[in-house]
Amino acid sequence: MTQAQTIALYQPLLHQIAYNLVKCKADAEDIVQETFLRWLTIDHQKIANTKAYLIKSVTNNCLSHLDTLKRKKQQCIDTINSSELVQKLKDVNFSHLDLDVDLKNAFKVMQAKLQPLERAVFLLKEVFDFDYEALQKTLDKKKDHCRQLLSRARKKLEEGTAKVQMERPSDLLDSFKKACTMENISDLVAHLKEDIKKKF
């Protein structure tokens, strides 16, 4: 069996295994491709069972990928609670805002116009200056998807509010205030994630 025939034969199986482990189509495709690329560089005569070797390899690559994601998420959490971010937020001037009026009205508009994911991306990017790498790690969404969500959120917020059905702001506003006053930004992140889960 040629290398091309081997790839064609086992690729669907390996992709299914990878997808079941990482739960992301794009990541699964990348892992399978990487597995085959590594397989092409080794001496195939040393492999007794090609199918078993490929299955083990793709499984190990998936586990390594998941470990890497876990470490990156932990690093993101550590960054959120870092002294540098604390100092940055302390330096932000919120004196021109009446938090009991302006913020409440702003959150009414956001809750009426934006979906939970759009709201999370908008707040973290526009208010707390998360870059797209941090957004991807925090919300588990691709950077391009985050850019689209931010663009969509901005457009929705720029539209008139006359026909928007206003609702009373949820306790998300309280989490936001706490983040701004340095009590805990991780509470805001957790709240945004919880809203996203409720949506789905």
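Which side chain meets that of Lys142 in a salt bridge? The partner is Asp27, with N and O 3.0 Å apart. A salt bridge here is a side-chain nitrogen of Lys or Arg within 4 Å of a carboxyl oxygen of Asp or Glu. Before we follow this pair further, a word on what you are looking at. This is a predicted model, in which local features need pLDDT of at least 70 and side-chain atom pairs count only at pLDDT 80 or more, while totals for chains, interfaces and linings use all residues. Residues are numbered from 1 along each chain as its sequence is written, and side-chain values use heavy atoms, leaving out hydrogens and water.

Back to our pair. Lys142 sits in the loop between α7 and α8 (143-158), whereas Asp27 belongs to helix α2 (residues 25-40), so this contact links distant parts of the chain, 115 residues apart. Helices (H or I, at least four residues) and strands (E, at least two) are DSSP runs, numbered from the N terminus. Asp27 is buried, with a relative accessible area of 14%, and Lys142 is partly exposed at 40%. These words have cut-offs: buried means under 20% relative accessible area, exposed over 50%, and partly exposed in between (1.4 Å probe, protein chains only).

The structure holds 9 salt bridges. Another one can be found within helix α2, where Arg38 and Glu34 lie 4 residues apart, about one turn of the helix. Their closest N and O atoms are 2.5 Å apart. Arg38 is partly exposed, at 45% relative accessibility, and Glu34 is partly exposed too, at 32%.

Now look at Glu118 and Lys156, whose side chains meet in a salt bridge of 3.0 Å, N to O. Glu118 lies in helix α6 (residues 116-127) and Lys156 in helix α8, so the pair ties together parts that are 38 residues apart in sequence. Glu118 counts as buried, at 2% relative accessibility, while Lys156 counts as partly exposed, at 22%. Arg152 joins in as well: Glu118, Arg152 and Lys156 are linked in a network of salt bridges.

Helix α7 (residues 132-139) is our next stop. Which of its residues are buried? They are Tyr132, Leu135, Thr138 and Leu139. These residues cover an arc of only 125° around the axis, which puts them on the same side of α7. The arc is that of the directions from the helix axis to the C-beta atoms. At the N-terminal end of α7, Asp131 acts as a cap, with a side-chain oxygen 3.2 Å from the backbone nitrogen of Glu133. Just after the helix, Asp140 takes a positive phi of about 60°.

Two more residues have a positive phi. Lys23, which is not a glycine, has a value of about 60° and is found in the loop between α1 (3-22) and α2. Lys23 is exposed, with a relative accessible area of 60%. Asp129, also a residue other than glycine, has a positive phi near 60°; its place is the loop between α6 and α7, and it is partly exposed at 47%.

Finally, how many disulfides are there? The count is 0, where a disulfide is a pair of cysteine sulfur atoms within 2.5 Å. As for the cysteines, Cys24 is partly exposed, at 21% relative accessibility, and Cys62 is buried, at 0%.

How values were computed:
A polar contact is a pair of N or O atoms within 3.5 Å; within protein, one must be able to donate a hydrogen and the other to accept it, and residues adjacent in sequence count only if both atoms are side-chain atoms.
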